[in-house]
Amino acid sequence: MKLVVVGGGITGLAAAYRAVEVARERGIALELTLVEARERLGGTIATERTGGFLVEAGPDSFLSEKPWALALCQRLGVEDRLARTDDRYRKVFVWRAGRLHPLPDGFQLLAPTRLAPFLASGLFSSPGKLRMALDLVLPRGTVDDESLGAFVRRRLGREALERVAQPLVAGIYTADPDDLSLAAALPRFVELERRERSIILGLWRASRRAPQAGTSGARWSLFVTFRDGMEELVVALAERLPPGAVLTKHRVVGLERRGDRWRVATAEGADLEADRVVVASEAHAAARMLRYVDPTLATLLADIPYASSATVTLGYRRAEVPRPLEAFGFVVPRTEGRALLACTFSSVKYPGRAPEGHVLLRGFVGGALNEAVLELDDATLVMRARDELRQAMGIMAAPVLTRVFRWPKAMPQYHVGHLARVETIERLVRALPGLDLAGGAYRGVGTSDCVRSGEGAAERALGIRPADPRA
């Protein structure tokens with residue numbers, strides 16, 4: 001069987017490696033080609049080591065509560081390379097009104113689960129706290145697909161949205177909460193309201209049933225990374241592909257059906273024949289490849305919006321950072337009008353991220369609500385980040401390290417109606433035998449979600465899973 005995987009990010013790599021595993025297990029003669037437009041593999045996952053610092057250009061971890069990335073690491077034999085967070089400092093601040101307010105203990109993304117820390121918090125006003133408490137008596141909603149913004153306003157009020165939900169979700173999806181589909185991005189809360197009615201009561205009951213990740217002797221924290229950076233996962237996957245399977249610096253410009261086979265053409269002149277093709281690129285790139293295969297499918301793919309973002313990483317001497325760094329970082333509400341969406345204290349969150357006597361801070365800018373800031377050049381972005389860190393943390397000194405990484409149109413946006421769109425896309429793809437789509441554009445944006453998507457596509461391509469991606 002000839003299999004072509006288009007896209008060498010984590011989704012494509014996971015698909016390619018899973019195909020190799022299945023072929024070996026089932027005795028299938030597999031001829032694999034992984035095609036990547038750039039000169040390196042990994043997509044948004046990239047790690048730089050310089051001067052004792054370890055800088056992540058993109059994702060710095062994956063979620064252990066979603067099992068697919070962790071299971072992949074176990075099968076690769078690299079589990080001993082994983083590192084957990086230092087959960088002594090598992091705290092997040094919210095930068096509001098010129099102060100860093102700790103998120104109340106027990107606050108789970110949208111709502112509190114512990115009464116005393118919530119009542120004592122200075123993050124919310126008294127009227128805001130009372131409005132959040134109304135969730136305890138409000139009836140269930142009736143809207144099938146509701147935006148996160150509408151859901152939080154309805155159940156918990158404007159303060160809960162502006163001061164917590166929006167900035168926390170912006171750090172995950174870089175999204176506008178009034179566009180983001182709750183059912184697509186955070187289905188847990190849809191189910192919670194359906195089952196429990198009250199979000200606060202539902203979260204409280206769930207917290208009583210199961211301890212939080214990282215406690216009670218759990219092996220892995222909620223966030224897991226690699227000792228030498230996330231690029232270790234990319235290298236481990238690439239090293240286990242057959243010799244000659246990877247074709248970099250080749251941009252796929254079109255796919256074409258030829259009888260019961262596929263032709264994959266690149267801008268550089270490669271012409272590949274395949275029995276099966278897995279397209280693991282961004283949806284807008286997949287749309288261009290498929291525009292002559294199925295124009296309706298291509299239009300649906302092109303209509304999935306993407307947001308751009310950048311990371312601004314700064315290294316400092318520890319003595320020149322005046323406040324204690326006893327947290328994972330802080331988030332910034334959009335109502336504050338800042339350039340920073342959030343800042344991770346990388347050298348606190350994970351071991352080995354800065355040399356002795358130094359700290360590493362990583363800021364995030366851009367996203368759906370402030371893409372205009374990305375029109376600034378790198379030097380100006382660094383200046384903006386430094387100025388805001390001065391205001392938030394009192395850091396006056398010049399950094400000893402600066403790095404800016406830009407990610408144009410790299411984060412899919414799950415707008416209201418996304419799941420219906422994806423179901424239509426999947427139905428159209430099923431009508432094209434030998435073709436599959438995978439990636440963060442469809443049913444989950446995180447690293448673990450992408451691993452699941454890529455592996456599922458590979459298993460369908462080799463005939464060991466039903467054609468429906470939801471199966």
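pLDDT is the predictor's confidence in each residue, from 0 to 100. In this predicted model, local features need pLDDT of at least 70 and side-chain atom pairs count only at pLDDT 80 or more, while totals for chains, interfaces and linings use all residues. Residues are numbered from 1 along each chain as its sequence is written, and side-chain values use heavy atoms, with hydrogens and water left out.

The protein has an average pLDDT of 95, and 97% of the residues score at least 70. Over residues 213-217 pLDDT stays under 50, and the model has nine contacts (heavy atoms within 4.5 Å) there beyond four places in sequence. Where pLDDT is low, the predicted coordinates should not be read in detail.

Seven strands (DSSP runs of E, at least two residues, numbered from the N terminus) form an open sheet with mixed pairing, in the order S8-S7-S18-S19-S20-S17-S21. Pairing requires at least two DSSP bridges between two strands. S8 (99-102) and S21 (401-412) are the edge strands; each has a single partner strand, so one side of each lacks a neighbour in the sheet. S17 (residues 306-317) and S20 (residues 358-366) run antiparallel and are joined by nine bridges. Thr311 lies opposite Phe364 in S20.

Two helices (DSSP runs of H or I, at least four residues) pack on the sheet. Angles run from 0 to 180 degrees between N-to-C directions, with axes fitted to C-alpha atoms, for helices over the stretch in contact.

| Helix | Strands touched | Angle of directions |
|---|---|---|
| H6 (residues 158-173) | S7, S18, S19, S21 | about 115° with S7 |
| H14 (residues 378-393) | S7, S8, S17, S18, S19, S20, S21 | about 65° with S17 |
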